[in-house]
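Hi,

I am passing a structure on to you, and I hope you enjoy looking through it. Please open it beside this message; my notes on what was found come after it.

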Amino acid sequence: MSIYNFDKPIIRRGTNCVKWDETDMEDVIPLWVADMDFEVLPEITEVLKKRVEHGVFGYAIVGESYYDSTIHWFRRRHNWEIQRKWIQYTTGVVPAVSAVIKALTMPGERVLVTSPIYNCFFSCIRNNGCEVLESPLQTSIIDHQPTYVVDWEDFERKCADKKTTVFLLCNPHNPGGRVWTKEELQRMNDICMAHGVTVVSDEIHCELIMPGYEFVPFASVSEACAQNCVVCGSPSKSFNTAGLQMAHIICQNERWRRRIDRAININEICDVNPFAPLAAEAAYNYGDQWIDELNEYIYRNYQALCTFCAERLPALKVYQLEGTYLAWIDITATGMTSQQLSQHLLQNGHVWVNNGPMYGKETGEGFIRINIATQRDRLMEGLNRIAKTLQC
C-alpha cells in the first residue's frame, strides 16, 4: 500500500529554484537539471522544522548519529559494511570528487572516464590540472532497446596509458542510465589494478534503481575493489535535498584518507550547515519505504515515456533506464543536432531538456537528456509539447 503521493503538484516557481527560475519563460516545463519536483520525506521536513524553531544557526558539528545512520543504511540496503573511520564528509559530491582527484593525482596526469559522462567530471579533472581521457561506451541492443556496454579493449588500452592514474566511475551511470553489475565492476577493477590505476566511484544516484536491477557499491564487490577505490556519495539526489549541501567520501586506505582530508581543507569545503547532517540522518533512518515508492513512481514515468515515444515520437530512441531518473534519448533520426533540437524545443515548445554534447562533445552529440522525476501529468504535458513542436 502506498503512503506517499508523488502526483501532488508542487509550485516551485518563485522560490529561487535553479530548475524553475533560471528562465524568464513562465510557462516552460523544465525537464533538465537533476532535481526532483517531489516533496521530501516528511521526517526530513520535521527535523528541519525543529531545528529552525531553535532560532540560532551558528557553526555546526557533525555528530556520531550521522555516521551511525550512514553505516546502518548501507548495511541494511546494500550489504556493505562500512567502518566509522572510513567516512569523511564535505559539502557535495562534485566538491568531493574534486578533492579526491586533487589528493590522488599530480597535475598533468590523466583521469579516465567512460563517456558520455556527467558534465561536471570534465571540470573536476581539468580544474585540478589533469587531462581528461575518454573511453567511449558502446551501444548494444538488448530486447530491442539500446543500452551501453564498456569497450573493454579500449578501456584497458586507456588504463595502460602511463599518464593514467585515476579512473573516475559513474555508478549508476549518468547520463546513460546503466547500473553496473558486480561482474562489470570487478572487471573494471582488475584492469585498473593491473595498470596501477585508482578507482574513484561517484555513487550519488545509488538509491535510484529501477525494478529488476540491483545497485552494487564498488567497494563491496571484493576486498581488492575496496582497497583500490574511493567512493563519493550523498542522499541528496535520492531524497531531493541537494540544496542542503552534504556528501560523504568513503575510503579504506588510511594514507589516501589523510591526503583527501588535506585536499578538503585546501579547497575550503570542510564545513557544512546546521541542517544538512540532520536531513541526511532522517533520510537514512526513515527513508526505506519512501525511496521504494519513489523508484516505483519513476519507473512508471519511464514506462509512460517509452510508450509515448513509440507511439508519437518514433524518431526518438530511448535508452534502457536501469538507474537514475534521467532518460538518455537518441535524436539522430530527426536530422537535427542536439543543440538545434534542444533550442527548438525550448524556444518553440517551451520544454527545457539537456543538450547531449555537454556530456561529451563526440559521444553526446545526437542525444538529449530528459529528467522524468516530476509529476506524471507534467511529464506527459512536456512530452505532448515535444511531439507538437516536432510535428509528430
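**Salt bridges**

Let me begin with a single side chain: Glu39 is partly exposed, with a relative accessible area of 45%. Please keep in mind that this is a predicted model.

Which residue does Glu39 form a salt bridge with? The partner is Lys8, and the closest N and O atoms of the two are 3.2 Å apart. Lys8 belongs to the segment before α1 (18-21), while Glu39 sits in the loop between β1 (29-30) and α2 (42-54), so this salt bridge ties together parts that are 31 residues apart in sequence. Lys8 is partly exposed as well, at a relative accessible area of 38%.

The total for the model comes to 22 salt bridges. Two others are worth a visit, and helix α3 takes part in both.

Glu64 pairs with Arg84, with 3.1 Å between the closest N and O atoms. Glu64 lies in helix α3 (residues 64-78) and Arg84 in the loop between α3 and β2 (87-90), so the pair links parts that are 20 residues apart in sequence. Both side chains count as partly exposed: Glu64 has a relative accessible area of 43%, and Arg84 has 33%.

Arg76 meets Asp288 in a salt bridge of 3.0 Å, N to O. Since Arg76 is in helix α3 and Asp288 in helix α12 (residues 288-312), this salt bridge ties together parts that are 212 residues apart in sequence. Arg76 is partly exposed, at 42% relative accessible area. Elsewhere, Arg12, Lys19, Asp35, Asp37 and Arg378 are joined into one network by salt bridges that share partners.

**Two helices and their buried sides**

Helix α10 (residues 254-266) is made of 13 residues. From its first C-alpha to its last it reaches 18 Å, close to the 18 Å expected at 1.5 Å a residue. At its start, a side-chain oxygen of Asn253 comes to within 3.0 Å of the backbone nitrogen of Arg255.

Which residues of α10 are buried? They are Trp256, Arg257, Ile260, Ala263 and Ile264. Looking down the axis of α10, you will see these buried residues within an arc of 125°, so they line one face of the helix. Their packing partners are β2, α4 (93-104), β8 (198-202), α8 (223-227), β9 (229-233) and β10 (247-250). The face turned away from this buried side carries Glu254 and Ile266, which are exposed. After α10 comes Glu268, whose phi is positive, near 55°.

Helix α13 (residues 338-349) has 12 residues and spans 15 Å between its first and last C-alpha, close to the 16 Å expected at 1.5 Å a residue. Its buried residues are Ser338, Leu341, Ser342, Leu345, Leu346 and Gly349. Why do they end up on the same side of α13? Around the axis they cover an arc of only 130°, which puts them there. What they pack against is β13 (351-352), β14 (354-355), β15 (367-371) and α14 (376-389). His350 follows α13, and its phi is positive, near 55°.

**An open sheet, and a buried asparagine**

Strands β14 and β15 turn up again in an open sheet of four strands, ordered β11-β12-β15-β14 with antiparallel pairing. At the edges are β11 (317-318) and β14, each pairing on one side only. Within this sheet, strand β12 (residues 326-330) and β15 run antiparallel and are joined by five bridges. To find one of the paired positions, look at Trp328: its bridge partner in β15 is Arg369.

Arg369 also leads to my last stop. Its side chain and that of Asn174 are joined by a polar contact of 3.0 Å. Asn174 is placed in the loop between β7 (164-170) and α7 (182-194).

Is Asn174 buried or exposed? At 3% relative accessibility Asn174 counts as buried, because the cut-off for buried is under 20%. Apart from neighbours within four places in sequence, Asn174 is in contact with Pro116, Ile117, Tyr118, His205, Leu326 and Arg369. If you would like another distance to check, the C-alpha atoms of Asn174 and Lys361 are separated by 15 Å, with their positions 187 residues apart along the chain.

Happy exploring, and do write back with any questions.

Best wishes

How values were computed: Residues are numbered from 1 along each chain as its sequence is written. This is a predicted model: local features need pLDDT of at least 70, side-chain atom pairs count only at pLDDT 80 or more; totals for chains, interfaces and linings use all residues. Side-chain values use heavy atoms; hydrogens and water are left out. A salt bridge is a side-chain nitrogen of Lys or Arg within 4 Å of a carboxyl oxygen of Asp or Glu. Buried means under 20% relative accessible area, exposed over 50%, partly exposed in between (1.4 Å probe, protein chains only). The expected span of a helix is 1.5 Å times one less than its number of residues. The arc is that of the directions from the helix axis to the C-beta atoms. Contact means heavy atoms within 4.5 Å. A polar contact is a pair of N or O atoms within 3.5 Å; within protein, one must be able to donate a hydrogen and the other to accept it, and residues adjacent in sequence count only if both atoms are side-chain atoms. Two strands pair if DSSP finds at least two bridges between them.
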